[in-house]
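Dear colleague,

I am handing over the structure we spoke about, and below it you will find an account of what came out of the analysis. Please read the notes with the structure open beside them.

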There are 2 protein chains.
Amino acid sequence: MRDRKLHLGAFMRPVSIHTGAWRYPGAWADANFSFPRLKYLIQRLEAAKFDAFFMADHLALLNMPIEALRRSHTVTSFDPLTLLPALAAVTERIGLIATASTTYNDAYHVARKFASLDHISNGRAGWNLVTTANPDAALNFGHDAHMAHGERYKRAREFYDVVTGLWDSFADDAFIRDQESGIFWDPARMHVLDHKGPELSVRGPLNVARPVQGWPVIVQAGASDAGRQIAAETAEMVFAAGGRLEDAQAYYADVKARAAAHGRDPDRIKILPGALVIVGDTVEEARAKHRHLDSLVHLDSAIGSLSVALGVDARQFDLDGPLPEIPETEGGKSGRERAIAMARREKLTVRQLAQRLGGYGGLALVGTAATIADEMQHWLESRGCDGFNVMFPFVPAGLEEFCDKVVPELQRRGLFRTEYEGTTLRDHLGLERPANRFFPG
Amino acid sequence: MRDRKLHLGAFMRPVSIHTGAWRYPGAWADANFSFPRLKYLIQRLEAAKFDAFFMADHLALLNMPIEALRRSHTVTSFDPLTLLPALAAVTERIGLIATASTTYNDAYHVARKFASLDHISNGRAGWNLVTTANPDAALNFGHDAHMAHGERYKRAREFYDVVTGLWDSFADDAFIRDQESGIFWDPARMHVLDHKGPELSVRGPLNVARPVQGWPVIVQAGASDAGRQIAAETAEMVFAAGGRLEDAQAYYADVKARAAAHGRDPDRIKILPGALVIVGDTVEEARAKHRHLDSLVHLDSAIGSLSVALGVDARQFDLDGPLPEIPETEGGKSGRERAIAMARREKLTVRQLAQRLGGYGGLALVGTAATIADEMQHWLESRGCDGFNVMFPFVPAGLEEFCDKVVPELQRRGLFRTEYEGTTLRDHLGLERPANRFFPG
């Protein structure tokens with residue numbers, strides 16, 4: 001029995017982050033929008049005792065050139081808050097994390113939908129709070145231009161206060177349901193939020209009882225300075241960018257220190273970098289799978305991914321030259337900075353950088369169950385993370401291999417649960433149920 | 001075998017419309033927000049071959065005085081678009097109709113969520129398009145005042161055009177998924193809507209494939225002149241107010257004539273009045289149940305319901321006098337007009353009107369399976385309706401009695417299906433799959 005165990009999320013939208021995934025021999029090309037396939041996958045993950053199924057989101061087609069986009073299996077995907085209730089009904093324990101944007105949503109809808117999901121799933125909901133990096137989303141929501149980065153984060157912070165305030169609309173004991181007296185609930189145990197802020201005006205109360213978990217688990221992925229700060233103040237799980245271990249350690253220390261400075265217990269923020277995991281019976285077999293997978297990425301897609309990361313059209317560059325200077329945009333900062341740093345550090349040409357990113361440019365653990373468990377253990381013990389958001393190279397085989405080979409190895413080492421200890425996502429992550437701010441104790 | 005058969009929807013939010021329902025002996029007081037209970041109920045309805053499970057909605061607490069509201073089991077309820085995907089996962093054939101407001105939603109979200117639900121349920125989604133009559137909703141969505149009735153309907157009509165246009169973003173054959181060539185989809189088979197109207201500006205395309213049904217079934221409940229007109233132009237199923245048969249016949253003829261005048265086939269609009277159905281082994285037993293149920297409605301609730309219907313606080317009136325003149329408000333017109341007409345027609349005091357409305361003031365079919373089947377058959381054959389949206393007096397017993405006694409009687413008479421003939425909600429209702437307006441044929 002170890003002091004600290006790994007937490008494992010499955011990052012499932014797209015079902016594989018790797019652009020070539022749908023072309024891999026035996027892969028389900030339609031998995032991204034087939035409910036029967038998704039049901040199979042989540043039931044496999046639950047049998048392996050994963051903490052959560054984690055679904056990212058986009059509010060527009062990915063903003064890449066059409067030549068690349070027509071090769072992408074991510075062109076369509078279900079709305080996460082519509083898919084996850086359906087997956088809740090076919091599972092019993094695994095957590096369900098849905099992404100929802102604070103830039104292009106009403107706080108009342110977000111509060112109500114997550115509260116509903118938390119009740120329906122009996123306490124398994126998590127909200128991945130994002131500000132939406134894709135500027136095309138603005139055009140689908142009545143705006144001419146994307147909100148500036150700083151503005152988005154200011155709104156996000158206020159949005160968080162409103163949503164959590166709405167979740168606290170009713171005391172946990174507000175609903176009496178006394179058939180004899182005819183009193184269904186006690187108005188003295190209801191709070192009207194009456195929020196009037198710079199960005200949002202929401203009266204409340206929410207018309208849903210307080211969630212089973214008090215609040216669904218708050219998840220964030222901020223990597224910029226503003227993103228780290230809001231994560232330190234509010235997040236309970238962070239989807240960190242997987243990169244080099246020393247960068248991850250610095251990020252881990254920084255976010256936990258910011259949380260402590262904000263008066264929070266740093267153990268109440270679990271940091272889980274994303275990691276593409278490719279399993280083989282030998283290290284060489286795993287590397288061969290990785291090479292095969294990358295070979296399925298067309299240069300059109302690779303250039304498209306690079307364009308998304310940089311926020312500019314990369315087709316204008318000399319493919320075999322070094323990456324030129326890239327101007328700032330209003331899109332996400334962190335992706336651009338990571339791509340530029342990778343090119344400078346490894347002296348990659350534009351083509352090489354594109355191919356790396358077009359497959360998957362972040363942390364990849366490629367090897368046998370034993371070498372992958374070694375790496376995960378080293379990251380955990382050296383305070384690079386509290387676990388991982390695992391990304392599968394293709395489905396179903398890549399997911400099945402992780403569940404059948406890596407998970408048992410982690411369990412043998414005492415690094416991962418063999419049974420769920422509790423029933424809620426908070427239980428799995430070791431997080432307390434928050435008190436109601438209006439009805440403490 | 002009859003020419004015309006009944007269509008049956010189950011109007012399930014609140015699980016019973018009757019305010020006293022949760023106090024009836026043996027009733028599930030928590031059914032409105034218990035997923036296991038709702039799962040049981042929908043599986044019973046599916047076994048009885050209902051066309052659809054139909055969920056209404058409110059975007060605020062009901063605007064009734066707190067003394068009445070604290071007696072109401074409708075104070076909290078799940079978001080329909082979160083509940084119905086979960087119910088989709090535990091059923092196979094029954095249709096799933098969710099209410100969504102065009103006044104307090106973004107068209108892109110509405111299009112995407114219903115498209116997702118239609119895929120997840122394999123073609124069983126319906127959208128009950130409402131403009132939201134409760135003025136308190138405005139305060140939860142950043143507005144100071146409710147949008148005027150005429151404005152709401154103008155926006156609703158444009159919203160419908162945008163949502164259906166977004167559903168047509170991709171031709172049905174757009175997704176090639178050719179693993180060999182690496183082409184996932186064909187950009188020539190995608191349409192960018194680029195809508196710029198007086199109320200909405202939405203570029204598109206939707207990032208979800210075209211729904212299984214082409215479009216989810218469009219449902220409406222408009223009773224005012226503007227409501228009838230938008231129903232005639234766009235609806236495929238109408239939730240009509242159940243009242244006297246002659247009023248229903250006039251409504252039926254009017255909406256079908258308006259549809260024909262708009263160039264539509266009147267058979268493509270199914271009109272289903274709401275009906276509270278109370279079943280007994282004798283007529284007297286059924287009436288006794290009804291009386292018992294009404295006796296569970298507290299005067300506080302009764303006055304509250306009357307206030308909602310009239311759009312004014314009815315506590316100011318003399319309870320034992322006649323109903324005074326009521327001014328126009330910006331709330332729903334139809335409820336007010338129905339209540340006033342009922343009071344005038346039956347010479348009801350304020351108290352009597354309140355008690356009628358506080359229970360359920362609309363069409364009630366109260367009797368044995370045979371007398372209820374007689375009434376339903378008469379309404380169908382005399383062109384008062386194409387079926388009913390059935391409301392149960394309490395759950396589970398009121399729903400079970402309908403399924404176990406009335407449905408078999410209707411089936412014996414050839415008035416209702418004994419098996420589902422198809423798999424989609426359109427199949428159940430006898431509606432065609434709409435062609436894609438941008439990629440016909």
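In chain B, strand E10 and strand E11 (residues 270-279) run parallel and are joined by four bridges, where strands are taken to pair if DSSP finds at least two bridges between them, and where helices (H or I, at least four residues) and strands (E, at least two) are DSSP runs numbered from the N terminus. Within this pairing, B:Met237 stands opposite B:Lys270 of E11(B). The two strands, together with helix H8 (residues 245-261) of chain B, make a right-handed β-α-β unit, right-handed meaning that, with the strands pointing away from the viewer, the path from the first strand over the helix to the second runs clockwise.

Before going further, please note that this is a predicted model, in which local features need pLDDT of at least 70 and side-chain atom pairs count only at pLDDT 80 or more, whereas totals for chains, interfaces and linings use all residues. Residues are numbered from 1 along each chain as its sequence is written, chains are lettered from A and ligands numbered from 1 in the order in which they are written, and side-chain values use heavy atoms, with hydrogens and water left out.

E10(B) also pairs in the parallel sense with strand E9 (residues 217-220) of chain B, over two bridges, and here B:Val219 is the residue opposite B:Met237. E9(B), helix H7 (residues 225-234) of chain B and E10(B) make another right-handed β-α-β unit. From E10(B), B:Met237 and B:Phe239 point one way and B:Val238 and B:Ala240 the other, and all are buried, that is, under 20% relative accessible area, with exposed meaning over 50% and partly exposed in between (1.4 Å probe, protein chains only).

Turning to charged pairs, the count over all chains comes to 76 salt bridges, each being a side-chain nitrogen of Lys or Arg within 4 Å of a carboxyl oxygen of Asp or Glu. One of them joins A:Arg4 and A:Asp386 (2.8 Å, N to O); because A:Arg4 lies in the segment before strand E1 (7-11) of chain A and A:Asp386 in the loop between helix H13 (369-381) and strand E13 (387-391) of chain A, the pair ties together parts that are 382 residues apart in sequence. A:Arg4 is partly exposed, at 22% relative accessibility, while A:Asp386 is buried at 6%.

A salt bridge is also formed by A:Asp79 and B:Lys113 (3.0 Å, N to O), and both residues are buried.

With best regards
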